[in-house]
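Visitor: Hi, I'm new to this one. Can you walk me through it?

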Amino acid sequence: MEYYNYLKSLHLIFVITWFAGLFYIVRLFVYQIEAAQKPSPEKEILQKQYKIMTYRLWYIITWPSAVLASVFAFWMLFFTDLGQAWLKMPWMHVKLGFVFALYLYHAKCQQIFNQLQNDEVKYTTTFMRLWNEGATIILFAVVFLVVLKNAVNWIYGVIGIFLFSILIMLGFKFYKKIRERNQS
């Protein structure tokens with residue numbers, strides 16, 4: 001059991017750093033998109049700096065964290081007795097579905113990263129701010145699943161985060177209107 005707890009601790013550390021990278025990378029995407037709309041030379045200076053920042057975050061923190069979180073998760077699930085017992089539980093099946101969604105989210109972030117590194121701006125800052133909520137919803141769902149160990153009760157937590165996300169977006173729109181009013 002002691003061996004399992006070390007694996008779980010390492011898994012949690014790398015899950016936390018993976019999510020930190022995902023949250024921050026999308027924020028940097030917002031800044032890159034905003035920089036693309038600036039006049040020269042400000043545009044080029046900001047774009048160069050944001051490309052460096054996103055590159056370092058993505059390949060030094062986010063990708064290694066994703067890989068290590070996955071390695072320790074697979075190790076726990078497939079090479080420990082407790083992990084194999086968890087695999088038989090319905091809540092774990094739901095959790096693994098959300099983990100799969102997280103991998104898809106990560107892959108889409110990779111695609112956006114590649115586009116922005118090539119100066120291709122295909123998304124708006126509003127889309128990116130909404131996109132950032134995707135990782136939050138996955139995080140909430142997984143945490144509630146793991147803590148409650150119930151394949152159904154996690155829904156209440158996810159409903160709560162959806163409502164919270166709506167409040168955040170309303171606050172964002174309110175702040176944007178105030179900011180636009182003050183600039184004119």
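Guide: Sure, one term to begin with: on a 1 Å grid over the protein atoms alone, a pocket is an open set of points where a 1.4 Å probe fits, with protein on both sides within 12 Å along at least five of seven lines, and lining residues have an atom within 4 Å of a point. This is a predicted model, where local features need pLDDT of at least 70, side-chain atom pairs count only at pLDDT 80 or more, and totals for chains, interfaces and linings use all residues. Residues are numbered from 1 along each chain as its sequence is written, and side-chain values use heavy atoms, without hydrogens and water.

Visitor: OK, which residues line the second largest pocket?

Guide: E34, Q37, T125, T126, R129, F172, K176 and R179. Its volume is about 150 Å³.

Visitor: And which helices supply at least two of its lining residues?

Guide: α5 and α6 (154-183) each do. Helices here are DSSP runs of H or I with at least four residues, numbered from the N terminus.

Visitor: How much space is in the largest pocket?

Guide: About 700 Å³. Its lining has 32 residues, and H11, M76, K95, V142 and V146 are the closest to its centre.

Visitor: Which element gives the most to that lining?

Guide: α1, with eight residues.

Visitor: Switching to α5, how far does it reach?

Guide: α5 covers residues 125-148 and spans 35 Å from first C-alpha to last, close to the 34 Å expected at 1.5 Å a residue. That expected span is 1.5 Å times one less than the number of residues.

Visitor: What follows it?

Guide: K149, whose phi is positive, near 50°.

Methods: Points joined across faces, edges and corners; volume = space filled by probe spheres on them.
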